[in-house]
Amino acid sequence: MEGLVKIFVYGTLKRGFANHYLLENNFDGAARFITKGHTKEAFPLVVGTDAYIPFMLPLKGQGKQVYGEIYEVNRNVLSLLDDLEDHPTWYKRSPCEVIVTNEAAGFEGGDTVSCSSYFLTNFTQKFLSLEFLSEYTLEYHLKTYSERSSRNKYCDFKGQSQDK
């Protein structure tokens with residue numbers, strides 16, 4: 001299949017999380033789980049806003065190595081992900097090196113894979129005082145995350161996460 005892109009997901013797009021359906025149902029596209037991994041560099045991974053949304057901040061070398069999943073997607077699925085993440089105005093899809101932690105077809109543990117991932121743009125400085133996580137877990141997600149359908153439609157989550 002031509003035009004496939006490797007995407008590293010660390011939050012609600014992972015298996016078992018609220019937005020994984022975009023990678024699972026293959027809406028007129030193709031998405032394939034490759035393996036698990038973690039960022040080669042450390043990045044701040046925080047949970048913020050009244051909806052407890054996970055954000056990876058584009059500050060290479062700060063925070064911790066972030067654990068997540070690597071997928072291969074075609075342009076149709078990539079477009080759906082970009083729409084969900086409001087790329088490039090809220091999150092920005094940017095290059096990210098990922099170390100494979102589980103062997104998979106064509107990959108050995110320890111291999112470095114060039115991926116893209118979604119980083120919060122123009123983030124509020126308040127996020128730098130939050131706890132930096134190494135992994136956004138399902139336990140944490142189920143305890144705190146507010147799905148889009150249950151969010152207050154008048155609350156400005158983008159405004160809570162970005163500096164104006």
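Student: Why is the pair of Glu135 and Lys14 called a salt bridge?

Tutor: The closest N and O atoms of Glu135 and Lys14 are 3.9 Å apart. A salt bridge requires a side-chain nitrogen of Lys or Arg within 4 Å of a carboxyl oxygen of Asp or Glu, so the pair qualifies. The two residues are 121 residues apart, with Glu135 in the loop between S7 and helix H3 (138–144) and Lys14 in the loop between strand S1 (5–9) and helix H1 (21–24). Helices (H or I, at least four residues) and strands (E, at least two) are DSSP runs, numbered from the N terminus.

This is a predicted model, in which local features need pLDDT of at least 70 and side-chain atom pairs count only at pLDDT 80 or more, while totals for chains, interfaces and linings use all residues. Residues are numbered from 1 along each chain as its sequence is written, and side-chain values use heavy atoms, with hydrogens and water left out.

Student: Is Lys14 buried or exposed, and why?

Tutor: Buried means under 20% relative accessible area, exposed over 50%, and partly exposed in between (1.4 Å probe, protein chains only). Lys14 has 4% relative accessibility and therefore counts as buried, whereas Glu135, at 40%, counts as partly exposed.

Student: What makes Arg32 and Glu72 a salt bridge?

Tutor: Their closest N and O atoms are 2.9 Å apart, which meets the cut-off for a salt bridge. Arg32 lies in strand S2 (residues 31–43) and Glu72 in strand S5, so the pair ties together parts that are 40 residues apart in sequence. Arg32 is partly exposed at 43%, and Glu72 is buried at 15%. Both belong to a network of salt bridges that also includes Lys6. A search of the whole structure finds five salt bridges.

Student: Why do Cys96 and Cys115 not form a disulfide?

Tutor: A disulfide is a pair of cysteine sulfur atoms within 2.5 Å. The sulfur of Cys96 is 6.8 Å from the closest cysteine sulfur, that of Cys115, and this is too far for a bond. The structure accordingly holds zero disulfides. Both cysteines are nevertheless buried, Cys96 at 3% and Cys115 at 6%.

Student: How do you know that strands S6 and S7 pair?

Tutor: Two strands pair if DSSP finds at least two bridges between them. S6 (residues 91–100) and S7 have nine bridges, in the antiparallel sense, so the criterion is met. One of the bridge partnerships joins Val98 to Val113 in S7.

Student: What makes S7 a mostly covered strand?

Tutor: Seven of the nine residues of S7 (residues 112–120) are buried.
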